[in-house]
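Colleague: Please take one part of this model under close inspection and describe how it is placed among its surroundings. I should like a single connected account that starts from one residue and works outwards.

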Amino acid sequence: MNIDTIRNIGIMAHIDAGKTTVTERMLFYTGRKHKIGEVHEGTTEMDWMDQEKERGITITSAATTFSWKGHRINLIDTPGHVDFTAEVERSLRVLDGAVAVFCAVGGVEPQSETVWIQASKYQIPRVVFVNKMDRKGADFYHVVNQIKKRLGAHAVPVQLPYGKEDGFRGIIDIIERKAYVWNEEDLGATYEEGDIPPQLEGDVARSREELLEALCDFDTAFMEEYLSDEASVQPDSGRIREVLRSAVISGKLIPVFVGSALKNKGVQRLLDGVVDYLPSPADRPPVEGLLLKTGGTVTRKADEKEPFSALVFKIMTDPYVGKLSFFRVYSGKVSVGDMVYNSGKDRRERMGRIVQMHANKKEDKKTVSAGDIVAALGLKTLTTGDTLCDLKAPLVLEEMDFPEPVIYIAIEPKSNNDGERLAQALSKLSEEDPTFKVRTDQETGQTIVSGMGELHLEIIIDRIMREFSVEAKVGQPEVAYRETIRGSSKVEGRHIKQSGGHGQYGHVVMEFESLDPGTGFVFESKVTGGRVPRDYIPAVEEGIRLASENGTVAGYPLIDFKATLLDGSYHEVDSSELAFKFAAMNAFSEGIRRAQPVLLEPVMRVEVITPEEYMGEIIKDIGSRRSKIVGMEDRQHGKVIVAECPLKEMFGYATSLRSYSQGRANYSMTFSHYSEVSSAIAEKIVISSTKRHHIV
């Protein structure tokens, strides 16, 4: 297909805003499937995992492809629950546009903000779909105002709702100045076009003026046409769409659509919006990569004549065909049987079977080119974030960053046979999910698995037992604490042993200092005059990195610090990389103790939505959990309480909230930051971690 007719889009939103229902309607109206799937019935095409069907939520991003009005749309349906935010992150990294779905009742919710920030990070052009206009309490204008205020987006409606709640009938197109009413009898497959109802003409005129004025701010030529007295040069609907498309692609404007996916209203016009306003791969800036030989940068245009380059953004284990590697082709083309280069791993791979994915179904492709999103089978060395490229034009594309886990549990197999299967399961699942970490506690020998939240780990454990037939004992969830330093220190570290023959000699002088939150670990060498041979300096860095995995307060990883190698000495015969690694580790132990080490805990942003009569009890309960109330606001369906609370205090909160509100309140929780623990709390954590030896 012509690359200008390709759209690579994602559907993103807060949980329960209706993303998967929107996707299912798109599949139905484009003819990709012939029966509408429903989330509440567990019959959706995109939520194909057993765990998704049982819980009625999206857990893993699922890809599909369909056609609409001569355009091919490659779509990824992403999860809405915060525990699976990495699925959204890696999907947005390879997409050209996104549809942000908002509930007409809930509006901008916590995960709405998270995915919006993720899309802004990759400068993804967006359109908005205000869904669930049929629900009681739906308020289109309130949601649009929230998008403007809370997300800082220049949102402009291109449609208005025709009715609301039980009286929601269809939409009013502001650009065409037409009303569209969907037919209930054929599941919304057809709709009738008519004139704007008289009672809505004022709203349409105001919204149209707002839209045209926003386009004038973007395009001076359009402004001259709009302000002209000549009727012949007044912008028509085609001209309006042309300028709006440019404004959307540049990220200046966000067009707002409206409908009710469950009631089969508005989805076809949303598809028109995807085709009309979201960019093709050719509309996006060329991808930038790092040249391996020179270290310089190079760009690749979305053109099949350019050298081949692609980014692997997802790994999935298929029980029937093995490892699936999802990748986005940014430039060039590749065919089955071609030799490609995995630049990150410095390995050559022969391209085996290539498939176009439709949820968990596969359609074979012989050749794919710039703009395609597909999966490959049988490429063994690939991991998430790897670059595939032409052997003659190697480069490395920018990798993806994923958040660190905040919660962990211990898991033990019940038998030796289970132990082998458990090891295999953990290996495959950690390869699939960059936010799922596995390690072995050196003191107890226990296997420790870490994730983004209780639901994340619950799903992982369920998959281990169900998909891999593993019988295992599972511990209670624990918080993944961190350590850092508040001061600085300068120390010497030595590793000297003599036991006949060659000895071991390593000597370093190190300085340790604190860094700003989020900086991570930084290493620098200031050694001069060959006091520490250049070949041994990487071993010093590796020694510090290994030692930092177990801090000095309670054995948790040390973060946000800098280690500087100032000086040292070596022995011509007895020095080795291993000796300098041990010397660095010894320096770390002493240096960190002198640099005011402190314990950090993950703090969550908690948003509680409750009827007003339960506010007092809920605020009192939140206050007892070492939390800080940071905001309160009114919503049509109740009050919203926003608080920052340590993750440790949130275990079991769902049960308490149900009790205080008779099941009428609900909450959502996202990671906010790491915060220093008071000395009294830290003392308890140290004692607890010493007893369990569950150190992450």
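Modeller: Helices here are DSSP runs of H or I with at least four residues, and they are numbered from the N terminus. By that rule, Lys-19 belongs to helix α1, which covers residues 19-29. The model is a predicted one.

Lys-19 is a suitable place to begin. Although Lys-19 is buried, it forms no salt bridge; the nearest side chain of opposite charge is that of Asp-77, at 5.3 Å. A salt bridge would require a side-chain nitrogen of the lysine within 4 Å of a carboxyl oxygen, so the pair at 5.3 Å does not qualify. Apart from its neighbours within four places in sequence, Lys-19 touches Ile-11, Met-12, Ala-13 and His-14, together with Asp-77, Thr-78, Pro-79, Gly-80 and Val-101.

Several of these contacts lead to Thr-78, which lies in the loop between β3 and α3 (85-93). Thr-78 counts as buried because its relative accessible area is 2%, under the limit of 20%. Its side chain reaches the backbone oxygen of Ile-11 at 2.7 Å. Thr-78 and Met-12 are separated by 66 residues in sequence, yet their C-alpha atoms are 5.8 Å apart.

The loop that holds Thr-78 follows from strand β3, and β3 (residues 71-77) runs antiparallel to β2, to which it is joined by 7 bridges. One of the pairs across these strands is Phe-66 with Ile-73. Strand β2 (residues 62-68) is mostly covered, with 6 of its 7 residues buried. The hairpin of β2 and β3 has 2 residues between the strands, and there Lys-69 adopts a positive phi near 50°.

Strand β1 (6-13) leads on to a second region, being among the elements that cover the buried residues of α8. Helix α8 occupies residues 237-249 and has 13 residues; from first to last C-alpha it reaches 18 Å, close to the 18 Å expected at 1.5 Å a residue. Its N-terminal end is capped by Asp-236, with a side-chain oxygen 3.3 Å from the backbone nitrogen of Gly-238. Just after the helix, Gly-251 has a positive phi of about 85°. Within α8 the buried residues are Arg-239, Ile-240, Val-243, Leu-244, Arg-245, Ala-247 and Val-248. Besides β1, their cover includes β5 (126-131), α6 (201-218), α7 (220-227), β11 (254-258) and α9 (267-277).

Of these covering elements, α6 and α9 can be described further. The 18 residues of α6 should span 26 Å at 1.5 Å a residue, and the end C-alpha atoms, 26 Å apart, agree with this. Its buried residues, Val-204, Ser-207, Arg-208, Leu-211, Leu-212, Ala-214, Leu-215 and Cys-216, pack against β6 (155-157), β7 (159-162), β8 (170-173), α7 and α8. Asp-217, also in α6, counts as exposed because its relative accessibility is 68%, over the limit of 50%. Asp-217 and Leu-244 are 27 residues apart in sequence, with 11 Å between their C-alpha atoms. Helix α9, for its part, is mostly covered, since 10 of its 11 residues are buried; among them are Arg-269, Asp-272 and Tyr-277.

Technical notes: Residues are numbered from 1 along each chain as its sequence is written. This is a predicted model: local features need pLDDT of at least 70, side-chain atom pairs count only at pLDDT 80 or more; totals for chains, interfaces and linings use all residues. Side-chain values use heavy atoms; hydrogens and water are left out. The expected span of a helix is 1.5 Å times one less than its number of residues. Buried means under 20% relative accessible area, exposed over 50%, partly exposed in between (1.4 Å probe, protein chains only). Contact means heavy atoms within 4.5 Å. A polar contact is a pair of N or O atoms within 3.5 Å; within protein, one must be able to donate a hydrogen and the other to accept it, and residues adjacent in sequence count only if both atoms are side-chain atoms. Lys and Arg count as positive and Asp and Glu as negative; His and the chain ends are not counted. Two strands pair if DSSP finds at least two bridges between them.
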